[in-house]
Each structure stands twice: as C-alpha cells, then as structure tokens.
Amino acid sequence: MNKRALALAALVVLPLLTAAGPASAAEPACATAGTPAAGAAAVKVWLAGDSTMADPRTSCPVGWGNRFDPLFTGDVTVVNSAVAGRSIQTWLYESNVQSTKDAAGECVVSPRTFHQRWLSMLDPAAGMRAGDYLMVQFGINDGSRDCPRHVGSARYKELLGLMAKAAKDRGVTPIFLTPVSAIRCSGSTAVGTRGFLTETADAARAAGVTVIDLHRLSYTLYNQLRLCPNDGDYTLGPVGAFFCNDHTHFEAAGAGQIAAVVAKALRDQRIPLSNYLR
C-alpha cells in the first residue's frame, strides 16, 4: 500500500477510535442494568421473627439474628426486623389485632392493614428485591391462648403462605424456620419445647418453601454442649453462659452459637445463600 492510501486509511479509522474511546469524567460509562452500585451488598437477608431472633435492647436477651450478619461475606447484608413478643399475626398486623376472637376462635384483625415493618419490606424502592432472601421464624408467642398474640393452626399456615407469596412475587427466596427450643431437661437430655412444627412444615410444602428445623437443631446443640442436667439456675456454668436468667432467651454467646447452627443448616441443606458464608 502506497503512502497516499495509508494516509486515507488513517483518516477513516481515527474518528472511529475517538468515538469508541473511554468516557470522560463528565460522561461516566453507564453501569450494567441490575448491577449493584460500588460498595453495595449484592444480597439482603430479611429476618422476621420474635425475641429469639431480634436485635437486643439490653445486654440480654440477644437474638441469633443479631449475630448472623458477621457470618457472611461483604456481599450480604442482614436486615433484622424481628421484634420481641410477637406472634406472626401481631408482627404483620400490630395495632390492628383485637382482644376478641371470632367464631372460628381466631383473634379479630380489623382493619386488615399491615404494620409498617412489613410494608417496609414490601416497598418497591427500598424493600425486598429479586435475589434477596426472607427468613421467617415464629411459633413461640403464637401459642398464647389470649389475643392479641393467639394464632390458630389454620391462620398460622395462612400467614406463612402470605409472606412466602409476597417474597416469591418479588423474586425473593423465602425460608421458614421452626421455632428455636427453650432449654428443658428430661434427666440428662435436652428435649423439645415448642409447637407449630407441623404447621410450619405443612405451610412450607404448600408454598414450595425450604424449612430449616431450628427447633430440632437447637435442642440437639444443647445436648452436644451438655446443658442438661441443670438445677434451673441460669446464672452459673455453661447454661448460664448460654441463656439469660430464664429458659428461653440467649446471652450473646448463646445467640452466636444458634446463628452458627442456622449457617451450618444453610450449607448442609445446600441452600444457595450458603455460597455467601465466610
């Protein structure tokens, strides 16, 4: 090729190279659609439950959800919306659950509008998004005979199904957990203490949701730690280091061990969230 042809070729290529060059500081390159901003967590894990999961207001109790976030890489943020003393119904409809029961024996909910904690999770801008996880653990306060906390079996399953559907409609993966066990000894063996186990499993099957049987895993842990027998003094020894001065709520160390049990279940059950564990 002669010099004149080379010069003409250069004149053609140069504008193309200029157009395809790097964006200037004033005109940054567009981010790929759906890619999180720099420094943002790729996945959020939303927690809904009671005091055994909740963030602490005092040094004790500490819910296991408060010790969950450090078990993950920086790609995950745990949003803990568990609240002490709530059944699934009062968590969803607080202030609207009445003190009276209907003909079916369920607490009257009127008006049937959600509490802000659930509305915040449902918020299209700041709430649950595709790729997130929703972990739901109730079944302790639900067994109360009295309203507003009382929840019957059918209503319990209905409300778990409601939460699962809302999550799935947003591309979020729901996970149900059976209620964590209190410490109760039969001789030298820790035994289960909670109800709503069958209801949780039934609701999970109906909704196509994975269940972590935290009830069984928790009292299995108590046996591994040899927390039984004990004399009921929750201020001393291994049982005192694990529990507050009661049989239900956790010291920080106990909450950390329950959180580790949940994390192990994620791995053992090959739940994809486990890919983000440290």
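User: What accessible area does the protein expose, and what share of it do carbon and sulfur atoms supply?
Analyst: Accessible areas here come from the Shrake-Rupley method with a 1.4 Å probe. The model is predicted. On that basis the protein exposes about 14200 Å². The share supplied by carbon and sulfur atoms is 55%.

User: How many aromatic pairs does a search of the whole structure find, and what is the geometry of the pair of Trp 64 and Phe 68?
Analyst: The search of the whole structure yields eleven aromatic pairs. In the pair of Trp 64 and Phe 68, the distance is 5.2 Å centre to centre, with 90 degrees between the planes. Planes over 60 degrees apart count as edge-to-face, and the pair of Trp 64 and Phe 68 is accordingly edge-to-face.

User: Are Trp 64 and Phe 68 buried or exposed?
Analyst: The cut-off for a buried residue is under 20% relative accessible area. Trp 64 has 0% relative accessibility, and Phe 68 also has 0%. Trp 64 therefore counts as buried, and Phe 68 likewise counts as buried.

User: Why is the pair of Phe 242 and Phe 250 edge-to-face?
Analyst: The ring centres of Phe 242 and Phe 250 lie 5.8 Å apart. Because their planes stand at 85 degrees, the pair is edge-to-face.

User: Which residues do ring pairs link into a cluster with Phe 242 and Phe 250?
Analyst: Phe 242 is buried, with a relative accessible area of 2%, and Phe 250 is buried at 0%. Ring pairs link Phe 242 and Phe 250 into a cluster with Tyr 222 and Phe 243.

Conventions. Residues are numbered from 1 along each chain as its sequence is written. This is a predicted model: local features need pLDDT of at least 70, side-chain atom pairs count only at pLDDT 80 or more; totals for chains, interfaces and linings use all residues. Side-chain values use heavy atoms; hydrogens and water are left out. Rings of Phe, Tyr and Trp (its six-membered ring) pair if their centres lie within 6.5 Å; planes under 30 degrees apart count as stacked, over 60 as edge-to-face and the rest as tilted. Buried means under 20% relative accessible area, exposed over 50%, partly exposed in between (1.4 Å probe, protein chains only).
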